[in-house]
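Thanks for sharing this one. My comments follow as numbered points, to be read with the structure open beside them.

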Amino acid sequence: MDRGPGAEPRSAVTGRAAGEGPAALAGDRRSRIVGGGEGRSVWVAVASTAVFFTVAGVLVVTSPGWPAIRDAFFDGAVFRDAFPKILARFGRNVAIFGIAEVLVLVLALLIAVMKSLPGPVFAPLRLLAAAYTDLFRGVPTILVVALLGFGMPALGLRGVPRSDVVWAIVALTLVYAAYVAEVYRAGIESIHPSQMAAARSLGLSRGQAMRHVILPQAVRRVIPPLLNDFIGLQKDSALVAFLGYTEALRQAQIVSAADFDFTPFVALALIYVVITIPQARLVDWLIARDQRRRAGGGTT
Amino acid sequence: MSEAIRLEGVRKSFGRLEVLRDITLTIAEHEVVCLIGASGSGKSTLLRCINLLEPIDAGRIVIHGVEVTGRGVDVDVVRRRVGIVFQSFNLFPHMRVLDNLTLGPRKALGVPRERAEEEARALLERFGLADKVEEYPDRLSGGQQQRVAITRALAMNPDVLLLDEITSALDPELIAEVLDVIRELAAGGMTMLIATHEMGFARDVAHRVCFLDEGRILEQGPPGRIFTEPREERTRRFLDRIIAAGRM
């Protein structure tokens with residue numbers, strides 16, 4: 001079956017095409033970008049795109065400043081030398097944001113649930129949660145990283161970790177949990193109150209209703225904005241370089257300074273772009289799968 | 001006959017709006033009582049109050065001899081004995097039909113999963129939904145969804161069932177299949193309090209009909225009398241409007 005841009009869009013909507021989700025979705029996206037419609041308009045789109053980028057490319061490459069720019073940012077030899085070193089250090093960034101993401105998921109959920117507790121008894125908890133989000137959404141991330149990363153190890157207190165990177169992870173967790181808590185809360189509030197009523201009418205406690213009925217639906221709805229925040233967190237793992245910790249950005253800086261060339265930064269930028277794209281596709285796929293399973297023709 | 005539900009002087013306001021004014025009503029075990037009346041007359045609120053989904057402002061609600069509106073009552077325990085079915089079904093969209101039915105028994109009553117599923121399958125079979133066990137609610141018709149919602153309430157094995165205009169959100173051709181379920185339950189002796197606009201059904205199934213008007217029970221009696229010779233002028237006018245609308 002032709003799943004290309006000219007294919008009937010109905011298959012993607014009804015989900016009849018069970019099992020070909022990502023491919024169908026990709027086709028759908030492609031058709032949106034090129035303007036959709038019949039085969040002829042696709043060819044027009046392809047041709048005009050090719051012409052546009054060829055002309056733009058030629059203009060850039062023939063401009064008088066191009067050789068200087070090429071040598072400073074796109075030096076092949078420097079790239080080949082720098083890329084493996086930076087990629088190796090990027091493992092540290094992955095560890096930093098990987099740990100922070102898990103902690104963020106837990107802490108943010110806790111704060112979101114605290115914020116949605118009803119009744120006057122829980123006023124202090126609600127207040128605490130509100131103060132937390134206000135504080136950590138208000139302070140620049142790099143400031144929190146600096147405060148904890150420089151400050152806490154310097155205290156020299158017993159039982160307090162001396163490692164700056166540990167405190168950097170704590171800082172990133174605190175900041176991003178504030179954002180993600182708001183995302184969770186929006187998800188919780190988007191679930192119609194009748195769902196809570198139905199769960200409570202079955203004799204479930206508030207906590208049980210939250211855990212089995214409200215949160216599973218809320219979390220599903222907020223996966224895309226949640227992933228946006230995670231991509232932000234992944235990028236902000238570069239802030240740890242500020243503490244002098246040799247992660248990928250610091251490594252790129254070192255190589256750049258040695259070669260007097262900015263290509264290492266471009267190499268790192270490339271790594272960041274490459275890791276975020278599959279995540280965006282994964283979310284698309286998760287959403288499509290969920291819709292297909294619930295309303296479409298997928299079998300369970 | 002022993003008493004299932006007793007309401008004494010129940011009052012409820014939303015802000016300045018008085019929705020229930022001094023409702024007193026006793027329902028016997030195995031009795032089927034229909035609440036009729038215009039939209040906004042307080043039918044739904046009354047049902048939600050009995051299920052303790054809305055706190056009442058004054059009066060008492062006694063279910064099987066236990067005052068449920070008193071202090072220190074565990075509302076979750078009360079709700080396990082009193083099932084409610086809503087106009088808009090309120091099924092859990094992220095769960096299969098089977099899981100919709102077993103959630104209450106498993107989490108609220110502590111029934112082991114296997115037994116809960118066995119009982120749920122038996123219930124679904126009894127109401128002609130055996131082939132929907134694995135489906136998600138969004139893929140069912142409105143009538144099927146409402147039947148699932150009824151079986152979900154029944155899965156808790158309640159003493160009393162409250163039905164809140166359960167056919168109002170359905171296309172006309174789907175109403176019969178839902179009402180048939182209720183007829184079967186009535187024949188089986190289930191105690192039910194039913195808010196409904198289906199007068200033909202009320203006349204059919206109810207032992208007693210209560211006409212609610214502006215938060216009061218204005219008139220009640222056996223359906224034969226209420227529908228043919230209402231004593232109150234307002235009841236008569238309501239029924240005339242219903243007949244004019246072709247709903248009876």
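**Notes on the sheet and the interface**

1. Let me begin with one pair of residues: B:Val62 lies across from B:Glu67, a residue of strand 5 of chain B. This is a predicted model, so please read every value below as computed from predicted coordinates. Strand 4 of chain B, residues 58–63, is joined to strand 5 by 2 bridges, and the two run antiparallel.

2. Where does that pair of strands sit in the whole sheet? The sheet of chain B is open, with 4 strands in the order 2-1-4-5 and antiparallel pairing. The edges belong to strand 2 (17–28) and strand 5 (66–67) of chain B; each has a single partner strand, so one side of each has no neighbour in the sheet.

3. Helix 1 of chain B (residues 43–50) packs on this sheet, where it touches strand 1 (3–14), strand 2 and strand 4 of chain B. If you want an angle to check, the direction of helix 1 makes about 120° with that of strand 1 of chain B.

4. At the other end of the strand order, strand 1 and strand 2 of chain B pair over 8 bridges in the antiparallel sense. One of the bridge partnerships is that of B:Phe14 with B:Leu17 in strand 2 of chain B. These two strands form a hairpin with 2 residues between them. Have a look at B:Gly15 in the turn, which has a positive phi of about 60°.

5. Now to the interface. How many residues of chain B are in contact with chain A? There are 26, and they meet 24 residues of chain A. Between them the chains bury about 2,100 Å², with 58% of that on carbon and sulfur atoms. On the side of chain B, the trio B:His94, B:Tyr136 and B:Arg139 supplies 27% of the area buried against chain A, more than any other three residues.

6. For the charged and polar side of the story, the rule finds 1 salt bridge across the interface of chain B and chain A. A:Arg200 forms a salt bridge with B:Asp76, and their closest N and O atoms are 3.2 Å apart. The rule also finds 7 residue pairs in polar contact across this interface, with both residues at pLDDT 80 or more.

7. Which elements of chain B give two or more residues to the side that touches chain A? They are helix 2 (75–81), strand 6 (82–85) and helix 3 (97–108) of chain B. By class, that side of chain B has 13 nonpolar, 4 polar and 9 charged residues.

Definitions and conventions: Residues numbered from 1 in each chain as written. Chains lettered and ligands numbered in written order. Predicted model: local features only at pLDDT ≥ 70, side-chain atom pairs only at ≥ 80, totals over all residues. Heavy atoms only, no water. Contact = heavy atoms within 4.5 Å. Buried area = accessible area lost by both parts, 1.4 Å probe. Salt bridge = Lys/Arg side-chain N within 4 Å of Asp/Glu carboxyl O. Polar contact = N/O pair within 3.5 Å; in protein donor to acceptor, adjacent residues only side chain to side chain. Nonpolar A, V, L, I, M, F, W, Y, C, P; charged D, E, K, R; others polar. Pairing = 2+ DSSP bridges. Axes fitted to C-alpha atoms, helices over the stretch in contact; angles between N-to-C directions.
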